[in-house]
Amino acid sequence: MEGHISISGLSHTYVDKDVQTTTLIDINLQASRGEFVSVVGPSGAGKTTLLKTIGGLVKPSIGQIFINGNSPKKAQRFKNIGFMMQDPSLIPWLNVMKNVQLPLKLNPSTNQDQSSRALEWIESVELTDYVNYFPHQLSGGMKQRVAFARAMVIDPDIMLMDEPLGALDEITRSSMQQHLLNVWEKTGKTVILVTHSIREAVMMSDRIIVLSPRPAKIIGEVRVNIPRPRNERLEHSDIFQQLIQETKKILEFTKTA
Ligand SMILES: Nc1ncnc2c1ncn2[C@@H]1O[C@H](COP(=O)(O)OP(=O)(O)O)[C@@H](O)[C@H]1O
Ligand SMILES: [Mg+2]
């Protein structure tokens, strides 16, 4: 059951004073252990809201979410969920080592030595030479790698990633994608990745969920049956281009509907 996500009949309406904003309508979605699922959809559709409900940060108005059979709040307490936001939101006055260790300090229940554990993840994102650097001394890509290490250090079953590479330039982005893929292939975590890049979704995922404009409904699903490990050469293959077109078609359909 570990790493399993089950969402049924999920709808959400934000109520802000007298303004109501319905963002999600009747979302039904399952993800099994180790599956890599991407979510694409127009800006403002409700993608971040969907991730927040899965992560237990927003309580949905209607419907149910189970993470390993538990509520998102409980899953959060059990450290089943790692969250990576678009903005790396590192603590400016803490160095790389201390930023990565932070989740362990906040939940000091792990046996393994905190610094060795943090160091393992810093190594895996190839920042060993930068442990004493502060966020302002790092490039955008490096900051994202720190944020990734920080999300992974609690060893969650599930990683929720909200456009984590959106702010990076094309080359850094592409190398980060490969990096995330390599790490993911080794760890077998369940991933839900929100991205506005269809190419990224095809490159990384097993399955792509397409959302309509707000209020977001699931309007399509594309299976990416491309063997792993995958790399950038894949982009030139027919199957890759076909899957991009297929996803685009679903997205474009919603614009005219
Ligand atoms: N805390 C909030 N209170 C009220 N409305 C919100 C809140 N957060 C997001 N919204 C609204 O919900 C809609 C969906 O937002 P969001 O989930 O961030 O979309 P996306 O991530 O797909 O761009 C938007 O119209 C946004 O303005
Ligand atoms: Mg968003």
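## Domain layout

The C-alpha centres of domain 1 and domain 2 lie 24 Å apart. This is a predicted model. The domain assignment splits the chain into domain 1, made of 5-80 + 159-256, and domain 2, made of 87-155. Domain 1 is thus given as two segments, 5-80 and 159-256. In their contact, domain 1 takes part with 11 residues and domain 2 with 16 residues.

## The interface by area

The size of an interface is often given as the accessible area lost when the parts come together. Here domain 1 and domain 2 bury about 1200 Å² between them. Carbon and sulfur atoms account for 73% of that area.

On the side of domain 1, three residues stand out. Lys79, Met159 and His179 supply 46% of the area that domain 1 buries against domain 2. No other three residues give more.

## Polar links and composition

Three residue pairs are in polar contact between domain 1 and domain 2, counting pairs with both residues at pLDDT 80 or more. The interface also holds one salt bridge by the rule applied.

Helix 6 (residues 170-187) gives the most to the side of domain 1 that touches domain 2. Its share is six residues. By class, that side of domain 1 has six nonpolar, three polar and two charged residues.

## Salt bridges

The whole structure has seven salt bridges. One of the pairs is Asp155 with Lys189. Their closest N and O atoms are 2.6 Å apart. That distance falls within the 4 Å cut-off for a salt bridge.

Where do the two partners sit? Asp155 lies in the loop between helix 5 and strand 6 (158-162), and Lys189 in the loop between helix 6 and strand 7 (190-194), so the pair ties together parts that are 34 residues apart in sequence.

## Aromatic pairs

A search of the whole structure turns up three aromatic pairs. A pair of aromatic rings is described by the distance of the centres and the angle of the planes. For Trp121 and Phe148 the values are 6.4 Å centre to centre and 90° between the planes. This pair is edge-to-face; the class requires planes over 60 degrees apart.

Trp121 belongs to helix 4 (residues 114-124) and Phe148 to helix 5 (residues 140-152), so the pair ties together parts that are 27 residues apart in sequence.

## Backbone details

Which residues does a cis peptide bond join, with omega about -5°? One such bond links Arg214 and Pro215. Pro215 is found in the loop between strand 8 (207-211) and strand 9 (218-223).

The peptide bond from Arg228 to Pro229 is cis too, with omega near -5°. Pro229 sits in the loop between strand 9 and helix 8 (238-256).

Asp26 has a positive phi of about 45°, although it is not a glycine. Asp26 is placed in strand 2 (residues 19-31).

How values were computed. Residues are numbered from 1 along each chain as its sequence is written. Chains are lettered from A and ligands numbered from 1 in the order in which they are written. This is a predicted model: local features need pLDDT of at least 70, side-chain atom pairs count only at pLDDT 80 or more; totals for chains, interfaces and linings use all residues. Side-chain values use heavy atoms; hydrogens and water are left out. Domain bounds come from an automatic or database domain assignment. Contact means heavy atoms within 4.5 Å. Buried area is the accessible area (1.4 Å probe) that two parts lose on being put together, summed over both. A salt bridge is a side-chain nitrogen of Lys or Arg within 4 Å of a carboxyl oxygen of Asp or Glu. A polar contact is a pair of N or O atoms within 3.5 Å; within protein, one must be able to donate a hydrogen and the other to accept it, and residues adjacent in sequence count only if both atoms are side-chain atoms. Helices (H or I, at least four residues) and strands (E, at least two) are DSSP runs, numbered from the N terminus. Ala, Val, Leu, Ile, Met, Phe, Trp, Tyr, Cys and Pro count as nonpolar, Asp, Glu, Lys and Arg as charged, and the others, Gly among them, as polar. Rings of Phe, Tyr and Trp (its six-membered ring) pair if their centres lie within 6.5 Å; planes under 30 degrees apart count as stacked, over 60 as edge-to-face and the rest as tilted.
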